[in-house]
Amino acid sequence: MEEKQYDALIVGGGPGGTAAATYLAQAGKKVLVLEKEHFPRFHIGESLLPYNQAIFREMGVLSELEAAGYPKKLGAQFHLSNGSKILKLVFRNGCWTKEISSFQVERSTFDHILLKRAAAAGAEVREGWTVTKTTNDSERVSVSARSDKGETATFTGKFLLDASGRGNFTGNQEGIRIIHKDLKKLAVFAHFENVRLDEGTAAGDTVIVRLEDKWFWVIPISKEKTSVGCVMDQEEFMRSKQTPEEAFTRAWESSSVMARRMELARRLGNYQTTTDFSYYNRTLVGPRLLRVGDAAGFMDPIFSAGVYLAMYSGKIGAETVLKCLARNTSGAGLLANYERKVFHGMKFYWDMVEHFYTRPFMELFIQPRSRYRLPDAIVAMLAGELEGGWKIAWRRWLFFQLVKLQAKWPLVPRITYSENVTEHVEAAL
């Protein structure tokens, strides 16, 4: 049985794992990445946030991503399903937004570029290796794994970063995952051609269409291909006894905005489904262990924060490990600081997701008022500004206080999802 010693062992070769591996390898550390699949492979979650760009620069991969020809994302749109209300966010218009553009990516190629970058930086990458057990204590960490060729090996190291995604390997092993009781969702999605998009620079926008009890994403991932998905209550889907195609089609046909966008669409592959349960782990660290990305927590993808949070936590996880290695310590205090920082970053998006399904939130969100620069603060945070300090924090607090007031007294007009509205849907396009 093979046995090797590393500075860091990383479970998972997605964006969080490859970010951590690249930062560590660039610092000259001995890093092993174990990935159970062979890349390229299909993955959902194609829309990135602008603040990903700074991480790409530091990883030395931005020029390659620019050369890949991905659609440029300059903003995001939120539509009520009947077209009566529209909010178009343009990242460059936010006064505190330091990064103003991003990409819409096909994850099979995007994730492969990141994995190859980690290897080029010096990380040892093993594809087709499934982790079967991890152990960690104050002295070292250990990972047992099996390759798809039947090989087995045990790897030991100084630190373990769990970037296993929603597989949540160490969290499940320890039984610490907490599922959000009100966000048990299911996503039905596919890739299409000839989806109606906006013209000009807005053609690369992420488009969110909100129905009363579900929502659609429309994400262009190439000149020919658009990802379209519908997120609904899992219980509703099960009760309907419909196939994924039937549920998806019935939903978009019920919305005049989606019907117009899908009018000429032709599906390019099979419909796929995934459970979309939002969860988090009670703790993100253990002795010499850090959980990264979806292995820390997963939330409804309405605000496209998944890849950014994965890479953000991968970056600061790597920085934490480097500090521990430099001090030759297990770094309990440093790991606790990592946990606080990641939980802080996750909290804003959790708050937004939880409120997104309520009517008062949608009424204020889709009808913003410029007073106190609240829209600027929200745009900055939706772009990925997680360290903006008090000038953004108090506006975030105020926004959610106003949501509470809106529930009792209408500060802005009430909205309706009914298709019987006077505004014509063409105003949404």
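Ala, Val, Leu, Ile, Met, Phe, Trp, Tyr, Cys and Pro count as nonpolar here, Asp, Glu, Lys and Arg as charged, and the others, Gly among them, as polar. With that split, the lining of the second largest pocket comes out as 15 nonpolar, three polar and four charged residues. Keep in mind that this is a predicted model. Here's a quick tour of that pocket, the one cavity, a helix pair and a salt bridge.

**Second largest pocket**
- The volume of this pocket is about 420 Å³.
- It has 22 lining residues, and those closest to its centre are Leu364, Pro368, Arg369, Leu374 and Pro375.
- Four elements each give two or more residues to the lining: strand E5 (86-90), helix H11 (359-365), helix H12 (374-383) and helix H13 (390-408).
- H12 chips in the largest share, with five residues.

**The cavity**
- Rolling a probe the size of a water molecule over the atoms shows where empty space is left.
- The count of cavities of 30 Å³ or more comes to one.
- Inside the largest cavity there's about 100 Å³ of space.
- Its lining is made up of Leu49, Lys73, Ala76, Phe78, Leu89, Phe91, Thr206, Ile208, Ile302, Phe303, Ser304 and Leu382.
- Strand E4 (75-80) and strand E13 (206-210) are the elements that give two or more residues to that lining.
- Sorted by class, the cavity lining holds nine nonpolar residues, two polar and one charged.

**Helices H9 and H10**
- Helix H9 (residues 306-327) packs against helix H10 (residues 332-356) at an angle of about 170°, and their axes sit 10 Å apart.
- Angles over 145 degrees count as roughly antiparallel, so H9 is roughly antiparallel to H10.
- On the H9 side, the residues in contact are Leu309, Tyr312, Ser313, Ile316, Gly317, Thr320, Lys323, Cys324 and Arg327.
- On the H10 side, they meet Leu334, Leu335, Tyr338, Lys341, Val342, Gly345, Met346 and Tyr349.
- The class breakdown for this contact is ten nonpolar, four polar and three charged residues.

**Salt bridges**
- Side chains of opposite charge can pair when their charged atoms come close.
- Searching the whole structure turns up 23 salt bridges.
- One to pull up in your viewer is the salt bridge between the side chains of Asp7 and Lys158, at 3.6 Å from N to O.
- This pair ties together distant parts of the chain, since Asp7 is in strand E1 (residues 2-11) and Lys158 is in strand E10 (residues 152-162), 151 residues apart.

Notes: Residues numbered from 1 in each chain as written. Predicted model: local features only at pLDDT ≥ 70, side-chain atom pairs only at ≥ 80, totals over all residues. Heavy atoms only, no water. Axes fitted to C-alpha atoms, helices over the stretch in contact; angles between N-to-C directions. Parallel < 35°, antiparallel > 145°, perpendicular 65-115°, else oblique. Contact = heavy atoms within 4.5 Å. 1 Å grid on protein atoms, 1.4 Å probe; cavity = no way out; pocket = protein on both sides within 12 Å on 5 of 7 lines; lining within 4 Å. Points joined across faces, edges and corners; volume = space filled by probe spheres on them. Salt bridge = Lys/Arg side-chain N within 4 Å of Asp/Glu carboxyl O.
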